[in-house]
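Me: I'd like to talk through a protein model with you, one short exchange at a time. Could you take a look and reason through it with me?

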Amino acid sequence: MVIRKPNKAVVKQILQRWSKNDKRLPPSDVPKGHFAVYVGDNRKRYVVPISYLSNPEFQMLLQSAEEEFGFDQQMGLTVPCQEKVFQSLLSALSCRH
């Protein structure tokens with residue numbers, strides 16, 4: 001996998017493509033300003049703040065999700081990442097905010 005420097009415009013395009021393909025309403029348990037992602041082999045669900053989208057590491061995950069799964073996913077945004085790695089990223093991000 002080639003790691004590129006994330007670009008905010010690219011991430012915005014990715015999110016727009018994904019949201020256009022997902023016509024369902026957000027689940028009622030996702031607070032305003034957050035979104036749900038599914039991670040790992042068991043597709044564990046995480047609800048994360050939208051502010052994390054500005055983080056370069058999180059942007060790389062979104063780019064990986066687009067490359068691996070596309071954005072016509074029936075079960076929500078799936079991120080190709082091991083749960084432990086994702087939890088470490090969330091932990092690091094929560095310390096920065």
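The questions below go from the overall fold to a helix pair and then to single residues.

Me: Happy to start broad. What kind of model is this, and in what order do the elements of the protein run from the N terminus on?

Reply: Good place to begin: this is a predicted model. The protein has three helices and three strands. From the N terminus on, they are arranged as α-β-β-α-β-α.

Me: What percentage of the residues in the protein is buried?

Reply: The protein counts 97 residues. A residue is called buried when its relative accessible area is under 20%. By that cut-off, the buried share is 35%.

Me: Now the helices. At what angle do α2 and α3 pack?

Reply: Helix α2 covers residues 56-69 and helix α3 covers residues 83-96. Their axes lie 10 Å apart, and the crossing is left-handed. The packing angle is about 145 degrees.

Me: Which residues of α2 and α3 make the contact, and how do they divide into nonpolar, polar and charged?

Reply: From α2 come Glu57, Phe58 and Leu61, and from α3 come Phe86, Leu89, Leu93 and Arg96. Glu57 and Arg96 belong to this contact, and Glu and Arg count as charged. The division is therefore five nonpolar, no polar and two charged.

Me: How far does α3 reach from its first C-alpha to its last?

Reply: Helix α3 has 14 residues. At 1.5 Å a residue, a span of 20 Å is expected, and the model comes close to that. From first C-alpha to last, α3 reaches 20 Å.

Me: Why are the buried residues of α3 on the same side, and over what arc?

Reply: The buried residues of α3 are Phe86, Leu89, Leu90 and Leu93. An α-helix has 3.6 residues a turn, so residues three or four places apart point the same way. On the other side of α3, Lys84 and Cys95 are exposed. The buried residues sit on the same side of α3 because they cover an arc of only 100 degrees.

Me: What covers the buried residues of α3?

Reply: Two strands take part, β1 at 34-39 and β2 at 44-49. A helix takes part as well. The cover thus includes β1, β2 and α2.

Me: Let's zoom in on Leu90. Which residues is Leu90 in contact with, leaving aside its neighbours within four places in sequence?

Reply: Leu90 is placed in helix α3 and counts as buried, at 16% relative accessibility. Between the C-alpha atoms of Leu90 and Val48 there are 8.3 Å, although the two are 42 residues apart in sequence. The contacts of Leu90, with those neighbours left aside, are Tyr46, Val48 and Tyr52.

Me: Asn55 caught my eye too. Is Asn55 buried or exposed, and which residues does it touch?

Reply: Asn55 is placed in the loop between β2 and α2. Its relative accessible area is 7%, so Asn55 is buried. Not counting residues up to four places away in sequence, Asn55 touches Leu89, Leu93 and Arg96.

Me: What is the phi of Arg43, and how far is Arg43 from Thr78?

Reply: Arg43 lies in the loop between β1 and β2 and is partly exposed, with a relative accessible area of 27%. Arg43 is not a glycine, yet its phi is positive, at about 55 degrees. Along the chain Arg43 and Thr78 are 35 residues apart, while their C-alpha atoms are separated by 7.3 Å.

Me: Which residues is Phe69 in contact with, leaving aside its neighbours within four places in sequence?

Reply: Phe69 lies in helix α2 and counts as partly exposed, at 37% relative accessibility. Phe69 and Pro80 are 11 residues apart in sequence, with 8.4 Å from C-alpha to C-alpha. With those neighbours left aside, Phe69 is in contact with Thr78, Val79 and Pro80.

Me: Last one, then. Is Lys32 buried or exposed, and what is its relative accessible area?

Reply: Lys32 lies in the loop between α1 and β1. The C-alpha atoms of Lys32 and Pro49 are separated by 8.8 Å, with their places 17 residues apart along the chain counted as the separation. The cut-off for exposed is over 50%. Lys32 is therefore exposed, with a relative accessible area of 84%.

Note on methods:
Residues are numbered from 1 along each chain as its sequence is written. This is a predicted model: local features need pLDDT of at least 70, side-chain atom pairs count only at pLDDT 80 or more; totals for chains, interfaces and linings use all residues. Side-chain values use heavy atoms; hydrogens and water are left out. Axes are lines fitted to C-alpha atoms, for helices over the stretch in contact, and angles run from 0 to 180 degrees between N-to-C directions. Helices (H or I, at least four residues) and strands (E, at least two) are DSSP runs, numbered from the N terminus. A crossing is left-handed if the near helix is turned anticlockwise from the far one by less than a right angle, and right-handed if clockwise. Contact means heavy atoms within 4.5 Å. The expected span of a helix is 1.5 Å times one less than its number of residues. Buried means under 20% relative accessible area, exposed over 50%, partly exposed in between (1.4 Å probe, protein chains only). The arc is that of the directions from the helix axis to the C-beta atoms.
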